[in-house]
Each structure stands twice: as C-alpha cells, then as structure tokens.
Amino acid sequence: MLMTGQDQEQVIINELFKSHSRQRSALIPILQALQVGHGYISEFAMQYIADCLNIHAAEVYGLATFYHFVNTRPKGKFIIRLSRDMSSMMKGAKVVARQLENDLGIRFGETTPDGMFTLEWTSCIGMNYQAPAMMVNNEVFSNLTAPRVHRIIEDCRQEFSSHRPTVGNVSETYSNTTTYSSYKVNAALTKAVTMTPAAVIAELTASGLRGRGGAGFPTGMKWGLAAAAKGDRKYIVCNADEGEPGTFKDRIILGKHADMVFEAMTVAAYVVGSREGIVYLRYEYSHLRPHLDSVLTARRQANLLGDGILGRPGFDFDIRIHMGAGAYVCGEETALIESLEGRRGEPRNRPPYPAERGFNNCPTVVNNVETLASACCILDRGAKWFASMGTDRSKGFKLFSVSGDCSHPGVYELPWGITVDQLLDTVGGKGAKAVQVGGYTGQLVPARQFDRKIAYEDLGIGGSIIIYGQDRDMLQVAENYLEFFIEESCGQCTPCRDGNVKLLEGVRLLQSGKCSNRYLNDLVSLSETIQLTSKCGLGQASPNVVVALNTHFKEEILARPVLGN
C-alpha cells in the first residue's frame, strides 16, 4: 500500500523527534529540518507537530508565519532572494531585479509555473560592501551585474554545473592591520583558567569594554551579574543574528576568527559556571555553518570544549549552533531568547534581565560576536592596553562596516572617538551628502555635522556606516528604511506596528510633492510618539530618519515639484 503525502510527513516528523528533544525549544530546528526534506510546512505538519509537543496548532502556525525563512506554502526548487538594503539599491539592485524578472518570466513574490524558481526580495544578507547581492537557496552571490545574473540562472537550470557561487572566494576587505589577526588563539583561555572568575571579571571591567551589538552594557558587569545569579543551569549565548542593514563585520569575524568567539564563550562559561553555550546564527549566514561546525569539532578534539577542558576536572562546557529563521527583531537579546525557546521573536518586558532569568528562565549571558572576540584580546594583552585607546567614555577599538558611496568599502578597525570626516577620509568618501551611522536604527548625519565623533557619548555604538553621495535622494532613503521597519516589526505594540505605516505614507506624499509643512510637522510629532511609546529598540529608533529629514533636509524635501505637473 502506497503511503500518502501526510503519511510521509508523519514518518519524517517522527524521525526528527528522535534526534531532537520533545521540548518547545526544538520547534524551530524541527520545522527547518522538515522544510529541507519536504519543501514547506503544511497545515497537517503544523497540527501533528503541535500534538507531539502538546501545544495548540495555532502556536505553531503563529511561529511559522512570523519567520521569513519558514515556508508555509510550496516554493521553487531554487529560491532567489535579492537584497534590497539601501547599499544594494544604490549599486544597481533594480537593474538586477529587472534582469531576474526577464529571465524567469515572473515578478517578485511569484514562482515559475514549472516550480523551478521562486523570486523574492529580502532585507539584507550582509554583503553590503559587495552589492548588489542575492542568495540562491543558501548560496551567496555578490557584485552582481545583469549578464552575471543571466549566467547564474542558466547554471541553476543546469544544477550549478559550471558556475559555482563566489562567497567562499570573496576578497574580504579589512583595514591595513587588525588586532584580531595578530591574536594567538587560546591565549585568553589559557590565561583565564589561571585566574579566579572574579579576577577575570575585574580585568574586563577595568578595560571599559561595553557590548558592541546594541545597548552598550558593560561586559564585565554582565558577566558578574550572571556569575552572582543563583541557579544550577546557566547559559552563554553568542548573538550572531547580525540583521542591521549595512552591517557585515560579525560575518567576517565568524569567517576568519571563529576560534576567538568560541574561546571567549568558553572563558565566560568558566567565569559564570555554565555548561552549555549556544550560537544563534542568522539564517542568511547558513553558508558559514559547515565552517563553524568544523572549528567546533577541532576544539573538542583539542580538549578546548567538552568535559574537563584543558585537563581541569569539572570544567565542562560545549557549544551548539542554533539557526535563526529570519527575523530582524531577534537581534534584541530577549527576542532572541524567545526564539531559542521556540516562540515568536517578540521582546520581553524587562526586568528581569537575561543575566538573572534568560533562556529557560536560567541566568544567561548574551554577547554579540565582536564583543566576545574583543574580550579575548583584552584578557591576552591586558585592560590597560585596551583602555588606552578611544575616549574617556568609549574605550578601545571598534570594527566598522562601511558601504555606499565610497571608493574603499569594507570592514575597518578604528579607535573610538574618530570624527565622521576622518572616517570618510579613510574610506574614500569625501564630499558625501550624509552618512548613516549605526545602521537604519542609528543617526543620519548631514555634511555640516561631519565633525561629530563616533563614540558612545555622541553618535552611539553602531558599527554600520552607509555613505550617501550628493546625488542621493534622501526621501528614497527614508522610504527604503521605513519599508524595512514595517516588514520587520514584530507587531506586538501599536505605535510601531501602525505608526510606521503612517510615516511611510507621509514620506510618499513628500515624494509626490503633496505634503504640506503642517502635515510634515504632524509626521514629526507622530515620530516622537512612536519613539516614546514603542516597546523595543526597533520602534524606538524607526522614526529617526523622518526626524532627521525634517531637521537637516527640510528645504530639499519640501521644494519637490508635484508629480504630474
């Protein structure tokens, strides 16, 4: 008797549960594994998985429809996702998009009748300095042109027989020297185990290292809080969900210096008393997974992970990789923890903070990739060395992802406190009209303010630098930003969910020349309300671009002619 499609799904799901725990936290990995084998997650599969986990099917459906890279309907054998971040749009993504539509005979959001190709936009894949770029399934292609896109499509039709993706051979651009490149792997771990946990915390605290990913919380203090928290189980989580458009430094760190990241997680485990570490890796970086797995395997074989690390009885710690499923908001640490637990990535109310009650309600340290790598350098070379760089409030060096209108895009290691003008001089971006510092949620800086400093006390902590030349239309920039925020809002709070839609409507009125000065003032007032009342950083920062337009480019945007006249 032949098995029905549902019977086959049931068999696959049962096999998956044999290799995963029947815990809610296994939900996303199970959906991802099922999708690999079956193509998409059917309603039957959602119901059956829900029954196995003893939860309602609506919870599985709610999760599956929340994440961009979980398919709830059939898609093509080749899913093409073209990045639509602003750097890509400036470098010709629209031309590439037209070529894709012409070659495939479909529009974005559609699948070819033969089921071979699905064409989609995606927000950012971390290749901004080699834009335009796209993913074909999990393969990454950068520096696209219309002829190259045509060749890639033909190669897909021939199962990639003659033209392999270039991501593995991409020339990653650093500044001339980097501290990470000169670091001797495992120097920090070897030194840390000769110190008390309190001494390690004191060294990090004295260095002034603050989180490189979001709020800039002091790293030594975070480790200290987790060490002092009560609990038999504690977790070390690496936030590798680098989803801020224009940011790609963490991807390069993971590609070149993964050992440092895993080493720092192991040091953190020694300090706080953790046995389990998790790397939350954004889906768009799936191509890094084999490399990361191989580094982890090598560390286990070298007794740098597992039981009795470095021959020390009781020092037991290992790391696993958890793939994200596509949600920008999961870059926020509590949303990330919700996702790890098999839920929609919706930010939690705080307190309690993760260091007290995080993953599985246990004390949890969440640090981003760059923070962890920098911690290794500090423990190796000392707090005084690190604190000697930067400013009084912003210690050390920082990696910056630079893209847009400049002659030398890439990743640059620079000390805190440099001015925007100095950075532009370094990367070949002199004469710019404006610079976005800190990604879409950061600050849009006009040319007359290029003397401002990139530091916690001035322009904040973000590592994304997008440069806009004199000919760039700032309303197109604002439209792109707001489309992204609307797409990525978790929808949990009204100000962000509905307010950003109104801001986008206003920006489009400005583009058509039909927005009065009074209406613009209303948009600014709405922006301030969204900033004050949104639950998390996305909504609190999404209106920044509208406020900046009004403050710095008001004459330009109000002087536009009415379209059609």
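In this predicted model, the second largest pocket has a lining of 43 residues, and those nearest its centre are Pro29, Gln32, Ala33, Val36 and Met323. The space inside this second largest pocket comes to about 1,100 Å³. Why can empty space be picked out at all? Rolling a probe the size of a water molecule over the atoms shows where it is left.

Which parts of the fold build the wall? Helix 2 (27-38), strand 1 (78-83) and strand 7 (318-323) each put at least two residues into the lining of the second largest pocket. Helix 2 gives the most, with 6 residues. As for chemical character, the lining of the second largest pocket splits into 18 polar, 14 nonpolar and 11 charged residues.

Stepping back to the whole protein chain, its secondary structure adds up to 22 helices and 13 strands. The C-alpha trace spans about 80 × 75 × 50 Å along its principal axes. Is the chain's radius of gyration what a compact globule would have, or something else? For 565 residues, a compact globule would come out near 24 Å, and the protein chain has 24 Å, so the two agree. Buried residues account for 58% of the 565 residues. Contacts also reach a long way along the sequence: take those between residues at least 6 apart, and 71% of them join residues at least 24 apart. On the outside, the accessible surface of the protein chain is about 22,700 Å², and carbon and sulfur atoms own 49% of that.

One residue worth zooming in on is Asn480, which sits in helix 17 (residues 474-488). Is Asn480 buried or exposed? Its relative accessibility is 9%, and buried means under 20%, so Asn480 counts as buried. What does Asn480 touch? Once its neighbours within four places in sequence are set aside, Asn480 is in contact with Arg84, Asp85, Met86, Met89 and Tyr440.

The backbone has a few quirks too. Most residues other than glycine have a negative phi, and most peptide bonds are trans. Against that background, the peptide bond from Ala131 to Pro132 is cis, with omega near -5°. Pro132 is found in the loop between strand 2 (117-122) and strand 3 (134-136). Another cis peptide bond runs from Arg350 to Pro351, this time with omega near 5°. Pro351 belongs to the loop between helix 13 (333-340) and strand 8 (364-368).

Phi angles bring up two asparagines. Asn54 is not a glycine, yet its phi is positive, at about 60°. Where is Asn54? It is in the loop between helix 3 (43-53) and helix 4 (57-66). With a relative accessible area of 70%, Asn54 is exposed, since the cut-off for that word is over 50%. Asn143, also a residue other than glycine, has a positive phi near 50°. Its spot is the loop between strand 4 (139-141) and helix 7 (146-157). Here the relative accessible area is 44%, so Asn143 is partly exposed.

Definitions and conventions
Residues are numbered from 1 along each chain as its sequence is written. This is a predicted model: local features need pLDDT of at least 70, side-chain atom pairs count only at pLDDT 80 or more; totals for chains, interfaces and linings use all residues. Side-chain values use heavy atoms; hydrogens and water are left out. Helices (H or I, at least four residues) and strands (E, at least two) are DSSP runs, numbered from the N terminus. Buried means under 20% relative accessible area, exposed over 50%, partly exposed in between (1.4 Å probe, protein chains only). Contact means heavy atoms within 4.5 Å. On a 1 Å grid over the protein atoms alone, a cavity is a set of points where a 1.4 Å probe fits but cannot get out, and a pocket is an open set with protein on both sides within 12 Å along at least five of seven lines; lining residues have an atom within 4 Å of a point. Grid points are joined across faces, edges and corners, and a volume is the space filled by probe spheres set on the points. Ala, Val, Leu, Ile, Met, Phe, Trp, Tyr, Cys and Pro count as nonpolar, Asp, Glu, Lys and Arg as charged, and the others, Gly among them, as polar. The radius of gyration is taken over C-alpha atoms; the globule rule is 2.2 Å times the number of residues to the power 0.38. Accessible areas come from the Shrake-Rupley method with a 1.4 Å probe; for residues, only the protein chains shown count as cover.
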